[in-house]
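Colleague: Could you take me through this model? I should like to start with the strands and then move on to the interior and the ligand.

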Amino acid sequence: MARVYDDERLAGVYQSGNEMPDRSLRDWTHLIGSFTDRPTPAVVEIGAGTGMFCSAMARWLNASTVVGVDTSVPMLTQARLLNAHPSVRYVVGTAESVPTASDRFDLALLSRVVHHLPDRVRAARELARVLRPGGAVVIRTTFRERLDALVYDYWPRLRELDAQRFPSRSELLDDFAAAGFTVRSVTSFARPVTASLRDYHARMTSRPQSKFTQLTAAEFQEGLRRLRADAQEEPTTRPVPVIERYDVAVLSAP
Ligand SMILES: C[S@@+](CC[C@H](N)C(=O)[O-])C[C@H]1O[C@@H](n2cnc3c(N)ncnc32)[C@H](O)[C@@H]1O
């Protein structure tokens, strides 16, 4: 799975396949912002991808600066195209080696990225370096204990595969504790990602997440066929929004 986001095709479909309604994005952004008391926080997002949260934090958190760090040049190219903002800078870098000065940020966001990190303790130490003492890291992820997203109903083998690569709650917290972080809270939060199952099916046709690279073409098509059949049954007059829940761990930097 390493560097799968270097694929231009995946980078090109990521934003449309993973965006959420404005209201959901705003609610998420306000939740993330609630973990800093700075009125104009300096923010870093590690694994910023196509920049959906970077521009949202610049707009809705009144962030003084947002630095979006990612290993993938194609993802950052999309971010600069789709989520440019005067307060946001996108830079190539890794969680393990963030190309910025020390004690620089009030808030760090890691959204859907911790399962990609080859050395979480090293990444946590690097976050401790770039955050000011007491700064907050917000980790938006799915703990191994709760792999209940709709995607697994249609592609059940993805649940087995993700159970091997997503950290458990205690593994994640232990790795950050090893770097000197203290836990502030662990909760979860859910918001609609599409307005209907039809919309969800439409976005899945583009295989917009790295996890799909682990399936054969036949496995992918079989899940998509079942999803399409269910989406076609959905009454157009009563669409059912698809809601995704994420675990949210918040820790304070040493
Ligand atoms: C699933 S995407 C998440 C994008 C965005 N944060 C979101 O929530 O939609 C994961 C991103 O993490 C990046 N990534 C993977 N390993 C990384 C690492 N070691 N350091 C920084 N970014 C990494 C990938 O290139 C990809 O853009």
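Colleague: In which sense do strand β2 and strand β3 pair, and over how many bridges?

Modeller: Strand β2 (residues 65-70) pairs with strand β3 (residues 88-92) in the parallel sense, over 5 bridges. Two strands pair if DSSP finds at least two bridges between them. Helices (H or I, at least four residues) and strands (E, at least two) are DSSP runs, numbered from the N terminus. Please note that this is a predicted model: local features need pLDDT of at least 70, side-chain atom pairs count only at pLDDT 80 or more, and totals for chains, interfaces and linings use all residues. Residues are numbered from 1 along each chain as its sequence is written, and side-chain values use heavy atoms, with hydrogens and water left out.

Colleague: Which residue in β3 is the bridge partner of Val-66?

Modeller: That partner is Val-88. Between the two strands the chain passes through helix α4 (residues 73-82), and this β-α-β crossover is right-handed. The term right-handed applies if, with the strands pointing away from the viewer, the path from the first strand over the helix to the second runs clockwise.

Colleague: Turning to the interior, how many residues does the largest nonpolar core have?

Modeller: The largest nonpolar core has 47 residues, and Val-66 is among those with the most contacts inside it, as are Phe-53, Met-57 and Phe-212. A nonpolar core is a set of buried Ala, Val, Leu, Ile, Met, Phe, Trp, Tyr and Cys residues joined through side-chain atoms within 4.5 Å. Buried means under 20% relative accessible area, exposed over 50%, and partly exposed in between (1.4 Å probe, protein chains only). Helix α3 (residues 52-60) gives the largest share of this core, 6 residues. Apart from this core lies another, of 31 residues, including Val-44 and Ala-179.

Colleague: How many residues of α3 are buried?

Modeller: The helix is mostly covered, with 7 of its 9 residues buried; Phe-53, Cys-54 and Met-57 are among them. Just after α3, Asn-62 takes a positive phi of about 55°.

Colleague: What does Phe-212 touch?

Modeller: Leaving out residues up to four places away in sequence, Phe-212 touches Val-151, Trp-155, Leu-158, Met-204, Arg-207 and Phe-220. Contact means heavy atoms within 4.5 Å.

Colleague: Where is Ser-210 found, and is Ser-210 buried or exposed?

Modeller: Ser-210 is in the loop between α9 (197-204) and α10 (217-233). Ser-210 counts as buried because its relative accessibility is 3%. Its side chain makes a polar contact of 3.4 Å with the side chain of Tyr-5. A polar contact is a pair of N or O atoms within 3.5 Å; within protein, one must be able to donate a hydrogen and the other to accept it, and residues adjacent in sequence count only if both atoms are side-chain atoms.

Colleague: And why does Gln-209 count as buried?

Modeller: Gln-209 lies in that loop between α9 and α10, and counts as buried because its relative accessibility is 11%. The side chains of Gln-209 and Asn-18 are joined by a polar contact of 3.3 Å.

Colleague: Finally, which residues come nearest to the ligand?

Modeller: Of the 19 residues around the ligand (a heavy atom within 4 Å), Tyr-14, Glu-45, Gly-47, Asp-70 and Ser-111 come nearest. A polar backbone atom of Gly-47 is 2.8 Å from a ligand nitrogen. An N or O atom in the side chain of Ser-111 is 2.6 Å from a ligand oxygen.
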